[in-house]
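Biologist: Please take a close look at one part of this model, the paired strands, and then follow the description outward into the side-chain packing elsewhere in the chain. I would like one connected account rather than a list.

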Amino acid sequence: MSVDGEAVRLRTEAEQDEPGWEVDPDDEWGVAVLATVGRQLRLRREAVRMRVVDFAAAVGYGDDLVYKVEGGKRIPRQEYLDRADEVLGAGGLAAAAWEDVKKVRYPKKVRELGKLEGKAVEIGVYECNIIAGLLQTPEHARAVIQGAQPPYSPDDVDRMVAARLARQSVFERDPAPSLHFVLEEAPLRRQVGGTMVWRQQLGRLLEVGRLHNVTLQVMPTNTEPHPGLDGRIELLKFPEGTAVGRSDGAFSGRPITDPKQLRIIELRYGTIRAQALSPRESLAFIEQLLGDT
């Protein structure tokens, strides 16, 4: 077998059983989109009278993966659709299906959170154990996700990193939303991914913290007890005056829209911000961490 052939075989065996791009059966929209795309691919393959085994060999993937994609059971990668377009002579129609697929490639909960963040005019986040996902570099995000036990498959990791980074489009919105972050000191000192990745992450915090629409604060470890000791807090406010909040400690992390309960979350978040270092002191603190290494 040639080197290229061996590479295809290994890729086929590795990818056809990885769980990272399986369809969540509870994601009704995702199931519908992928069922439609899979059916279109199957009809095109049958129209050119190509068997699954021959098509699989032509695109460089396993038979099982082809059956799953055509059955709407697996999310195809962009390169799969591009290759299928070439093999089937679809004139760009199969490749164009990526525009629909990419809208459902991330888990439903991540998509819903991204939609809310995309609409919010104000976002407030307190994180106690990690650096907030909206602030993570790709390398830091990958190191954090790879630290899970039991470990995720490489495909899972790729998908989760991509989903986390996609949410950071909130920084590119115009008009820009007001963004507030409070991070604990301990995660800032933890060299996740090694010294270089850690330094790049601190540099990213300094970059974002200097944006005109961002307030970044650090909660020193040597401080009085505060309402965030029992978990993260997130608060999103929308143009029409509505809001949604979540708190690990209060309301068990469920999304909250009731005004009375929102006031409790707002009180907790406001108290945390008041106890944290000021934005200027916080940036100086991060600069000092970088300078000490």
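Modeller: In this predicted model, the bridge partner of Lys237 in strand S5 is Ala243. That pairing belongs to a set of 5 bridges that join S4 to S5, with the two strands running antiparallel. S4 and S5 form a hairpin with 5 residues between them, and in the turn Gly241 has a positive phi of about 95 degrees. Strand S5, which covers residues 243-247, is mostly covered, since 4 of its 5 residues count as buried under the 20% limit on relative accessible area.

On its other pairing, S4 (residues 233-237) is joined to S1 by 5 bridges, and these two strands also run antiparallel. Within that pairing, Tyr126 stands opposite Ile233 in S4. Strand S1, residues 122-127, is mostly covered as well, with 5 of its 6 residues buried. S1 is further joined by 6 bridges to strand S2 (residues 178-184), and here the direction is parallel; Glu122 stands opposite Ser178 in S2. S1 is thus paired with S2 in parallel and with S4 in antiparallel fashion, while S4 is in turn paired with S5.

Turning from strands to helices, H10 (residues 154-166) has 13 residues and reaches 18 Å from its first C-alpha to its last, close to the 18 Å expected at 1.5 Å a residue. The buried residues in H10 are Asp155, Asp156, Val157, Arg159, Val161 and Ala163, a set that includes charged side chains as well as Val and Ala. Helix H12, residues 195-209, holds Val197, which is buried because its relative accessible area is 14%. Leaving aside residues up to four places away in sequence, Val197 touches Glu139, His140 and Val192. Of these contacts, Glu139 lies 58 residues from Val197 along the chain, yet their C-alpha atoms are separated by 6.3 Å. There is also a charge-ring arrangement, in which the charged end of Arg204 sits over the ring of Phe171, 5.6 Å from its centre.

The aromatic side chains give a further piece of the picture, for the structure holds 2 aromatic pairs. One of them is Phe55 with Tyr80, an edge-to-face pair at 6.4 Å centre to centre and 75 degrees between the planes. Phe55 lies in helix H3 (residues 52-59) and Tyr80 in helix H5 (residues 78-88), so this pair ties together parts that are 25 residues apart in sequence. Phe55 counts as buried, because its relative accessibility is 2%, and Tyr80 is likewise buried, with a relative accessible area of 3%. Tyr80 also pairs with Tyr61, again edge-to-face, at 5.3 Å centre to centre and 65 degrees between the planes. This second pair links distant parts of the chain, with Tyr61 in the loop between H3 and helix H4 (63-70), Tyr80 in helix H5, and their positions 19 residues apart in sequence. Tyr61 is buried too, as its relative accessible area is 6%. Taken together, the ring pairs link Phe55, Tyr61 and Tyr80 into a cluster.

Note on methods. Residues numbered from 1 in each chain as written. Predicted model: local features only at pLDDT ≥ 70, side-chain atom pairs only at ≥ 80, totals over all residues. Heavy atoms only, no water. Phe/Tyr/Trp six-rings, centres within 6.5 Å; stacked < 30°, edge-to-face > 60°. Buried < 20%, exposed > 50% of the residue type's maximum accessible area, 1.4 Å probe, protein only. Lys NZ or Arg CZ within 6 Å of the ring centre and 35° of its normal. Pairing = 2+ DSSP bridges. Expected span 1.5 Å × (residues − 1). Contact = heavy atoms within 4.5 Å.
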